[in-house]
Every structure is written in C-alpha cells, then in structure tokens.
Amino acid sequence: MLRVGLTGGIGSGKSTVSRRLVELGAVLVDADQIAREVVAAGTEGLAAVVEAFGEEVLGPDGEMDRPKVASLVFGDPEARRTLNGIVHPFVGKRAAELVAGAGPDAVVVQDSPLLVESGIAAASPLVVVVHADAEVRVSRLVGGRGMSEEDARARIAAQATDEQRRAAADVWLDNNGSPDALTAAVDALWHERLLPFEENLRLRRPARGGARGLVDPDGSWPAQASRLRSRIAAAAGEKSLGVAHVGPTAVPGLPAEDVIDLQLAVASVEDAVTVADALAEAGFPACVPSTQDDARGTCRHASADPGRPALLHVRVHGSSGWRQALLVRDWLRADATARAELLAAGRAGAAEPAGEQGASRCAGRTEARSETVLPSAERWAEETGWSPADTIDEPNH
C-alpha cells in the first residue's frame, strides 16, 4: 500500500486532481468529508463542539450551523485552535480506519487541505501539492463559488503560503493552465510514479534503474533531503537520534550523482533492526547489508520511489561509520581542493559499468571514495579540532 498526501490551497484544483486519481483506481480518504461526518447530528464530535461554543452553533435541523461556526473561528486563532482540537482527533481516527480498510495493493490518497498547516506531511511517503497562482484562484472562487473578492483573498491568506507548500511537496502539480493539461499531468504521475512506487513498497524492493553519472549541483537537493529527513525521523520515532544529509549531494557546489544520501543514527544495532519495518512503510525498504556495512554497524535502505533516488544508512550513533560520514561531508564543505580531487575521482568512476539498482550502485561508489579520502579528512579534523558535535545537517546557501 502506498499512502499519498494530497493538498493545495482553496481554489487550486485539488478536488479535480483527487477525482481523477479515483477514476484511475486510487482509494480516496477525504479529510473535508470526514470532518463533516464526525460533527453530524447525534455524533460525539458535534456534542463537543456545542459544549465549547454553545447551542448557537446548532441549526433548526440539529445539524451544525457551519457558517455560524466559521464566523466564530475565522479571525480568532484561539477559537480555531479549540475547534481543531475537537475535530482533528475524530478525523484522524476515522481516516486511520479507512486506510486500514484499503487493499494491500492500494494507492490511498489522503486529501487534506491542512496537510501542511497541521504538520503531518511527514507521515506520508509522498506528498502531492496542487498549485495555482493567487490571482487564478481568486478568479475561480469568485466566478465558480460566488465568493466576494475580499472573502476569497482572506481565505487564501489564512492558509499556508506557496513557499510552505513547496517545501512539503515531493510532486508539484501546476494548475494554472487548461483542465486537459492538469489531467495529463495526473495521468502521468499515476502511471510513472504512483503505481511503480506502490508495487515497490508492497514487494519491499528499492526502485530500479535511475539516472547514471554526475550532474551539475542542484539547488533543490537540500530541500529534498530535508523532506526525506522529516519522513525518516517520523518513521523512526523515539529510536531516532538524528537524521543527517550526507554524501556528495550534501556538499554545496559539488557535481554528484543525483542520489540523496541520508544517515539515521540509532542507539544500537538492535534498534536498527527494530525500525526497519517502519522505514519500509515510509518508503525505504531495507537492502541486504554488505560486509563493509556489517563492519560499520550499518543497515542500508534504498528509496522505493522511482521519482527520487535516495539511500538511507542506519548507523549506530558514535560508531566509526556514523562519524566518518559526517567528517567527510564537513571536510568537503570546508576544503575546495578536496572537492576538486573528489570530483575528478567521481568522473573517473562514472565510466565504470553500472549495476541494476541505481541507489545501491551509487552508495557503493560513494563509500569507496570516502575510504580513499579518509586519511586527508582525518588530518583536517585534527588540524581544525573538528568533532561530530560541531556538525550541522544543512549548510547555508
């Protein structure tokens, strides 16, 4: 099963995307619909709302007077927090029931307008954001829903910003164009990414293939790594002692293979085994460790997402492998000559024959390069007094 978080601002076209995904075969869990169900007449949820806000929130038919409630909480952050604190737990419980009832090979689309605002994006192995420019959204809301322009702009302003949504988005669907263009983009997403991702998760296998060779530095690598770090930390829970972006893509300005390397620190090898299933559910099935990995106390996981090659090393905090990954990264960030030497070695290595699995292939080469440069990195650490406690997960750009 693949769980996909779907979100977008009011008027962006999120509902159009969810309908098309259902037509293609997805199972939809609609947070808005559930939110209405859990406060329907006679429910425990509605009783709690009435207790908090008074009988005035009830209509003549015993249902919640939604416009009245909206008027009470709109512009009042404390009242909105109270309402959300009542409704969200009921919504979460019902959503979990629907997800549990989906088939083992399902693509479950969890449609949530507040996915970003509520801070739950990291719970989904993939997040899709539907975007349209503010002026386009205002036009749709005024023309299609009969809102006043002032109301439309106020509602847009009350939601997450485009920058906040982009930071959470693994997939950014632009809906500034025609309906046909949006449908084509959703169809391509379904066939080229969601279905293969679901199959990989179900079979507990990493994504196959992937681009080969060095590419120019990508300014989005740190942001992509940040999303994955949040997802991994959420999956590992209390077993996580920190998730770091390591490897060549963590070094600003360094051409690299387009594979995000990450390191999850845990307290023991037993903890690494304990979190394996949760990491697999989050999109990172475990690979068979190599002899080199065993020596370092590492369990290697590779991304099942065909759209984002990534490799996760689960290492014991304080082990030599954990320390070396941070050391080599920080040394390369600090030393331009070292970056140039590693780049030359990487270009030579790129001519070697490729294996079947892109992420595993890249990982082996990355670790081999680390072995060849480790003495120089250790000299730098001694000269500068570097220690793992000095490290930061993301550089300033």
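Author: Two strands count as paired when DSSP finds at least two bridges between them. With that in hand, let's look at this predicted model. Strand E10 and strand E11 (residues 310-316) are joined by five bridges.

Reader: What makes E10 and E11 a pair, and which way do they run?

Author: The count for E10 and E11 is five bridges, and the cut-off is at least two, so they pair. They run antiparallel. If you want a spot to look at, find His301, which stands opposite Leu312 in E11.

Reader: Which sheet do they belong to, and what is its strand order?

Author: An open sheet of four strands, ordered E7-E9-E11-E10, with mixed pairing. The twist from one strand to the next averages 25°.

Reader: Why are E7 and E10 called edge strands?

Author: Strand E7 (243-246) and strand E10 (298-302) each pair on one side only.

Reader: Which helices pack on this sheet?

Author: Helix H10 (residues 221-236) touches E7, strand E9 (260-266) and E11, and its direction makes about 30° with that of E9. Helix H14 (residues 320-334) also packs on the sheet, touching E7, E9 and E11; its direction makes about 50° with that of E7.

Reader: Now the other sheet. What is its strand order, and which pairing does it have?

Author: This one is an open sheet of five strands, in the order E2-E3-E1-E4-E5, and its pairing is parallel. At its edges stand strand E2 (27-30) and strand E5 (171-174); each has a single partner strand, so one side of each is left without a neighbour in the sheet. The twist here averages 25° from one strand to the next.

Reader: How do you know that E1 and E4 pair?

Author: Strand E1 (residues 2-8) and strand E4 (residues 126-131) are joined by five bridges, and at least two are needed, so the pair qualifies. These strands run parallel, and Leu6 stands opposite Val128 in E4.

Reader: And what makes E4 and E5 a pair?

Author: The same cut-off of at least two bridges applies; E4 and E5 have four bridges, in the parallel sense. One place to find the pairing is His131, whose bridge partner in E5 is Asp174.

Reader: Which side chains of E5 are buried?

Author: Val171 and Leu173, which point to one face. Trp172 and Asp174 point to the other face and are not buried. To be buried, a residue needs under 20% relative accessible area.

Reader: Why is Ser15 called partly exposed?

Author: Its relative accessibility is 38%. Buried would be under 20% and exposed over 50%, so Ser15 falls in between and is partly exposed. Ser15 is found in helix H1 (residues 14-24). Its C-alpha lies 8.4 Å from that of Asp111, although the two are 96 residues apart in sequence.

Reader: Why are H3 and H5 called roughly antiparallel?

Author: Their axes cross at roughly 165° and come within 10 Å. Angles over 145 degrees count as roughly antiparallel, so H3 and H5 earn that label. The crossing is right-handed. The contact is made by Glu44, Gly45, Ala48, Val49, Ala52 and Phe53 of H3 and by Ala79, Thr82, Leu83, Ile86 and Phe90 of H5.

Reader: Why is H6 called oblique to H7?

Author: The axes of helix H6 (residues 134-145) and helix H7 (residues 149-157) come within 9 Å and cross at roughly 130°. That angle is not over 145, nor under 35, nor within 65 to 115, so H6 is oblique to H7. The crossing of H6 and H7 is right-handed too. On the H6 side the contact includes Leu141 and Val142, and on the H7 side Ala152 and Ile156.

Reader: Which residues touch the most other members of the largest nonpolar core?

Author: Val49, Phe53, Leu83 and Val87, in a core of 23 residues. Helix H2 (31-37), helix H3 (44-53), helix H4 (66-73) and helix H5 (77-101) each supply at least two core residues. H5 gives the most, with seven. Leaving aside neighbours within four places in sequence, Val49 is in contact with Val39, Gly54, Val57, Met64, Leu83 and Ile86.

Reader: How much of the chain is buried, by that count?

Author: Buried residues make up 47% of the 397 in the chain, which has 16 helices and eleven strands.

Note on methods:
Residues are numbered from 1 along each chain as its sequence is written. This is a predicted model: local features need pLDDT of at least 70, side-chain atom pairs count only at pLDDT 80 or more; totals for chains, interfaces and linings use all residues. Side-chain values use heavy atoms; hydrogens and water are left out. Buried means under 20% relative accessible area, exposed over 50%, partly exposed in between (1.4 Å probe, protein chains only). A nonpolar core is a set of buried Ala, Val, Leu, Ile, Met, Phe, Trp, Tyr and Cys residues joined through side-chain atoms within 4.5 Å. Contact means heavy atoms within 4.5 Å. Axes are lines fitted to C-alpha atoms, for helices over the stretch in contact, and angles run from 0 to 180 degrees between N-to-C directions. A crossing is left-handed if the near helix is turned anticlockwise from the far one by less than a right angle, and right-handed if clockwise.
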